[in-house]
Amino acid sequence: MNQQRINNLAGWAVFSLSLFVYIFTIEPTLSLWDCGEFLVSAYKLEINHSPGAPLFMLLGRVFSLFSFGDPGKAAYTINLVSAVSSAATILFLFWTIVWLISKLELKQRKTFPLILKFGAAAIGSLSFAFTDSFWFSAVEAEVYALSSLFSAVILWVATRWEREAVEPDSARWIVLIFFLIGLSIGAHLLNLLVIPSVGLIIYFRKYKYSLKGLFAAIIVSGIGIIALLKIVIPGILDLSKNLELFFVNQLDFPIHSGLFTYLILLIGAISAGLFYTHRKQLPGLNLAILCLTFLLIGYTSYVATIVRASAGVPINQGNPETTFSLLNYLNREQYGTRPILYGANFGSTVTGYQERNTWIASRGKYIKSQLNPDVEYDKNTIGFFPRMHSNEPGHIQSYKNWVDLKGRKVPIQDDEGKLTNTIVPTFQENVSFFLKYQLGFMYLRYFMWNFAGRQNDIQGNGDLQNGNWQSGFSFIDSHNAGPQTHLTSAAKENKGRNSYYFLPLLIGIFGICFQYKNDPQNFLSTGLLFLLMSFALVVYLNEIPDTPRERDYVYVGSFYVFCIWIGLGVLSVFNQLQKLLKERMSITSALALCLAASPILLLAQNFDDHNRSGRYSARDLARNYLESCEKDAILFTHADNDTYPLWYCQEVEGIRRDVRVVVMPYLQAEWYIQQLQRKMYQNEALKMTIPLEKYQSGQLDYVYVVPKIETEQPLTDILEFVASDSSKTKLTVEGQKQISYIPVDKMRLEMAGKEPIHLELKQRAINKGDLAFWDIIATNKGKRPVCFTAFVDAEEHGLKDHLIFDGLVFRLTDQKTDSNSVIDMGKIETENLYKNLMQKCNWDNLANPAIYFDWHHRRMLASMQIRNAFYRLAKSLTEEKQTDKAIEVLKKAEQTVSLKLWPVDYQSILMAQLYARNGQNQLGENRFKELAASLEEGLIYFGSFPSNQKKSIIDDAGYQLSLYNELINQAADTLSEAELKSMKEKLMAFAGKLG
């Protein structure tokens with residue numbers, strides 16, 4: 001059997017093994033975060049968030065057909081896109097490592113035994129297959145697996161060209177690279193970072209090495225990335241916008257007529273260029289035009305975006321149905337920008353705004369609308385490398401936590417023209433934050449997760465208890481992850497606790513040294529890719545502190561490169577063993593040691609926390625949300641994890657489509673307000689008082705509150721005032737410009753036959769999202785029930801004392817329901833709450849101890865107040881003397897929100913004393929003892945921290961002490977005097993040790 005055939009068979013064997021593991025551990029339905037919207041996008045060809053992923057959408061749709069019409073199986077089949085893409089990535093990684101080993105053989109003028117060569121490639125590729133970050137994306141419907149595949153394929157195609165560069169038809173591989181780059185734009189833009197490595201492969205093959213040539217190749221490749229990002233991707237479409245505007249607004253042609261004309265001209269120009277260069281025998285220019293052509297052919301996946309957006313699909317983020325809206329979509333206008341090398345810091349002062357406009361299709365014409373303006377800052381307050389750029393108070397406090405922030409004073413003028421000072425961080429402080437947080441915490445920590453080990457699955461914020469890397473060596477880990485003695489059972493049993501003992505890391509380091517020494521040119525190619533996927537990406541992202549989730553998935557490309565070095569590290573180990581053993585024994589030993597130390601160790605440690613088989617919790621929780629709503633309800637959602645699963649349930653599985661989901665953050669967008677005013681299935685459009693055109697034009701982006709009327713006014717009258725075109729309802733400002741305003745700061749929400757809700761506007765101005773919120777509430781009052789997934793949205797709008805708690809949602813009511821804390825937010829209607837929690841909601845998956853729920857699921861349950869819902873229901877039933885039902889609810893709560901996954905909190909303590917109140921003293925005593933044991937275990941662990949580390953745990957330790965004290969108080973009527981005395985003595989001892 002020849003070497004190429006072995007190479008092919010071994011590659012497909014690695015692919016098959018990886019795919020088997022991914023399929024075995026794949027999530028059978030939707031996951032949290034963006035997966036819900038990607039499933040909807042794929043299943044019904046709907047539009048996900050900008051800049052979109054049309055290629056994933058189309059591939060997902062093809063895979064969904066294998067569900068054979070069963071909506072409940074669609075998510076599983078679409079998840080297979082990631083599983084297959086990930087396994088294929090491992091295949092191409094295997095072949096790339098084989099190629100690099102072949103290059104080493106040429107450099108060293110010797111050959112490695114075939115079993116060692118392919119064994120090393122298998123060890124490197126399988127190591128990547130089972131790394132923490134890559135495996136996570138392999139078993140859910142997200143774009144990162146497909147993105148990794150494109151990076152791997154493009155790099156591999158470059159190696160194929162390198163092998164055939166002298167052949168007359170080798171240019172076909174270059175054309176294929178450009179086609180793949182075009183396709184990859186429809187998956188994720190991270191793939192573009194592979195271009196410089198491809199450039200170096202081409203440079204080393206075509207040209208004689210020189211330092212000048214090397215830098216030229218890198219610079220040209222970098223310019224290529226910038227050109228794609230800033231010129232080609234938006235520019236190809238940007239060139240058409242003036243023609244589109246002229247055809248539609250000036251010539252009265254239909255929407256898209258200018259775009260179609262432009263496309264015809266573009267195709268004609270490319271065709272003419274190909275024809276001309278072929279006839280004139282200009283092969284270089286002909287190849288360049290061919291490459292551009294195939295790049296654009298790949299890029300045409302975005303045709304699906306504009307076609308489906310024009311169809312008015314229910315989930316249509318950004319509504320990219322025209323040239324202008326698609327440009328805004330591609331440019332991620334809704335997200336804003338972050339400075340990279342030069343710009344504003346958190347203390348920079350605004351001196352003005354530069355208006356930016358776009359055009360929106362309305363009734364067959366384009367009307368002007370405002371985009372977010374460009375902000376102009378005082379030049380003395382901006383600077384180089386602005387790492388601390390966010391001016392949100394929470395972020396500023398986090399900057400101070402990470403850096404000893406002194407700053408420098410800059411004199412400025414305030415709004416009234418008076419001279420004052422602002423504090424901006426110095427260049428050194430920005431660099432310090434970059435090194436400590438952005439590079440150290442938000443990259444190196446992730447890198448060590450994958451090759452040294454991970455403390456747990458809890459998101460870290462810089463404390464010693466959560467989210468750190470660990471190795472398994474206590475004397476090392478105690479400095480990075482706190483004391484390793486007296487760990488709690490929860491900490492030791494956390495499935496995200498993985499120890500690799502630095503073994504994969506060491507093998508990779510051996511591989512780096514081995515390649516650098518024996519093949520420096522290809523080391524530059526792989527090293528450059530690693531640098532771009534790590535350090536350069538950290539600089540570009542300019543990450544803010546306190547992110548909503550860990551960002552390790554962004555840096556998977558650098559972990560890919562390191563696994564190449566793991567494969568080459570096997571050769572390094574073999575070389576060292578050769579000095580001690582015979583060749584056959586050296587081969588066997590090197591392969592066995594490295595196989596055990598990397599892929600097998602990674603598989604064994606990571607399997608339990610990546611096995612999502614049997615987990616339906618995200619879907620079940622979303623269904624429970626919907627089932628808690630009354631018929632035809634309007635349900636306001638707060639963020640990703642309470643929105644995307646709802647979309648999935650409604651769009652894919654058809655659950656409760658009568659409920660109209662309204663995403664609070666999206667109310668700032670005119671396209672979303674437009675979609676709310678459309679009928680979806682049998683769900684009627686939301687009626688609004690203010691005309692859509694006013695929301696679209698940008699004139700209501702901010703509406704000032706100028707209380708010229710002292711008496712309280714109906715909210716509907718205020719909305720009509722804002723909607724009016726009369727000059728009497730406008731304020732005249734600088735430049736004789738007239739703007740809308742709100743003439744009162746006290747208003748009431750009237751409901752027919754019911755008491756009005758009295759409200760007060762305390763802001764100087766409200767934004768478009770708040771205005772749209774009040775418009776929906778006031779215009780639909782009494783016609784459709786109004787619910788919230790999170791009480792904070794109701795609280796922020798002054799509605800917290802007018803809520804009914806239905807278990808998972810808060811329902812707006814005219815009744816006065818004063819709330820003093822989060823625990824008692826909203827009125828309880830016992831019968832309805834019992835029906836929702838105990839009959840309508842499905843908790844079976846959560847009660848299954850065999851299912852793994854990661855920290856995000858546990859946190860979501862906490863934010864949904866599931867335990868508090870059961871407590872409040874049990875308490876209400878106890879007060880109503882419904883003892884049997886109360887005990888039933890308490891037992892259900894223990895199964896659903898067990899202490900094994902959800903730690904002790906106030907609700908769990910309060911629930912324990914309900915057993916005694918319902919005559920179940922023994923059950924109550926057992927529960928109190930269980931809670932006490934859990935808290936004592938945690939307090940003993942906190943007490944083991946040395947004095948120099950106690951600062952990081954002081955808040956958590958204080959919370960645990962307060963819980964233990966509350967436990968003693970609540971157990972006073974249940975536990976014996978001796979037990980209570982012992983607990984009080986322990987409390988004093990813990991407090992003394994922690995103090």
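# Exercises on a predicted model

**A starting point.** Setting aside neighbours within four places in sequence, Asn611 is in contact with Phe24, Thr25 and Tyr852. Keep in mind that this is a predicted model.

## Exercise 1: A residue in a loop

Work out where Asn611 sits, and whether Asn611 is buried or exposed.

*Solution.*

Step 1. Find the residue along the chain. Asn611 belongs to the loop between helix H23 (583–610) and helix H24 (617–627).

Step 2. Check the surface. The relative accessible area of Asn611 is 18%, and buried means under 20%. Asn611 is therefore buried.

Step 3. Look at the side chain. A polar contact of 2.7 Å links the side chain of Asn611 to that of Ser613.

Step 4. Compare sequence with space. Ile26 is 585 residues apart from Asn611 in sequence, yet their C-alpha atoms are 6.9 Å apart.

## Exercise 2: A three-strand sheet

Find the order of the strands in the open sheet that holds S12, S15 and S16, and say which strands stand at the edges.

*Solution.*

Step 1. Write down the order. The three strands run S12-S15-S16, with mixed pairing.

Step 2. Find the edges. Strand S12 (713–714) and S16 each have a single partner strand, so one side of each has no neighbour in the sheet.

Step 3. Take the pairs one at a time. S12 and S15 run parallel and are joined by two bridges; here Gln713 stands opposite Met747 in S15. Strand S15 (residues 746–749) and S16 run antiparallel, with four bridges between them. In this pair, Lys746 stands opposite Glu760.

Step 4. Follow the side chains of strand S16 (residues 757–760). Ile757 and Leu759 point to one face and are buried, while His758 and Glu760 point to the other face and are not buried.

## Exercise 3: A six-strand sheet and a helix across it

Describe the open sheet of six strands, then find which strands helix H25 lies across.

*Solution.*

Step 1. Set out the order: S10-S9-S18-S20-S19-S21, again with mixed pairing.

Step 2. Name the edges. Strand S10 (660–663) and strand S21 (827–828) have a single partner strand each, so each is left with one side that lacks a neighbour in the sheet.

Step 3. Look at one pair inside the order. Strand S18 (residues 786–788) runs antiparallel to strand S20 (residues 810–812), and two bridges join them. Phe788 has Phe810 in S20 as its bridge partner.

Step 4. Add the helix. Helix H25 (residues 644–651) lies across strand S9 (634–637) and S10, at about 155° to S10.

Step 5. Pick a residue in S10. Val661 lies in this strand and is buried, with a relative accessible area of 7%. Its contacts beyond four places in sequence include Leu635, Leu646 and Trp647. The C-alpha atoms of Val661 and Ile634 are separated by 6.1 Å, although the two residues are 27 apart along the chain.

## Exercise 4: The nonpolar cores

Find which residues of the largest nonpolar core touch the most other members.

*Solution.*

Step 1. Name them. The core has 264 residues, and Tyr22, Phe636, Leu667 and Phe788 touch the most other members.

Step 2. See where the core comes from. Helix H4 (residues 71–108) gives the largest share, 20 residues.

Step 3. Zoom in on Leu667. Beyond its neighbours within four places in sequence, its contacts include Phe636, Val662, Tyr672 and Ile776.

Step 4. Look elsewhere. Another core, of 28 residues, lies apart from this one, and Ala912, Leu931, Leu939 and Ala957 are among its members.

## Exercise 5: Two helices that share a cover

Find what covers the buried residues of H8 and of H13.

*Solution.*

Step 1. Start with H8. This helix has 14 residues and spans 20 Å from first C-alpha to last, close to the 20 Å expected. Its buried residues include Trp173, Ile177 and Leu180.

Step 2. List the cover of H8. Helix H3 (54–64), helix H7 (144–163), helix H9 (195–206), H10 and H13 are included.

Step 3. Turn to helix H13 (residues 283–299). H13 has 17 residues and reaches 24 Å, close to the 24 Å expected. Among its buried residues are Asn286, Ile289 and Leu296.

Step 4. List the cover of H13. Among the covering helices are helix H8 (171–184), helix H10 (211–238) and helix H12 (257–279).

How values were computed:
Residues are numbered from 1 along each chain as its sequence is written. This is a predicted model: local features need pLDDT of at least 70, side-chain atom pairs count only at pLDDT 80 or more; totals for chains, interfaces and linings use all residues. Side-chain values use heavy atoms; hydrogens and water are left out. Two strands pair if DSSP finds at least two bridges between them. Contact means heavy atoms within 4.5 Å. Axes are lines fitted to C-alpha atoms, for helices over the stretch in contact, and angles run from 0 to 180 degrees between N-to-C directions. The expected span of a helix is 1.5 Å times one less than its number of residues. Buried means under 20% relative accessible area, exposed over 50%, partly exposed in between (1.4 Å probe, protein chains only). A nonpolar core is a set of buried Ala, Val, Leu, Ile, Met, Phe, Trp, Tyr and Cys residues joined through side-chain atoms within 4.5 Å. A polar contact is a pair of N or O atoms within 3.5 Å; within protein, one must be able to donate a hydrogen and the other to accept it, and residues adjacent in sequence count only if both atoms are side-chain atoms.
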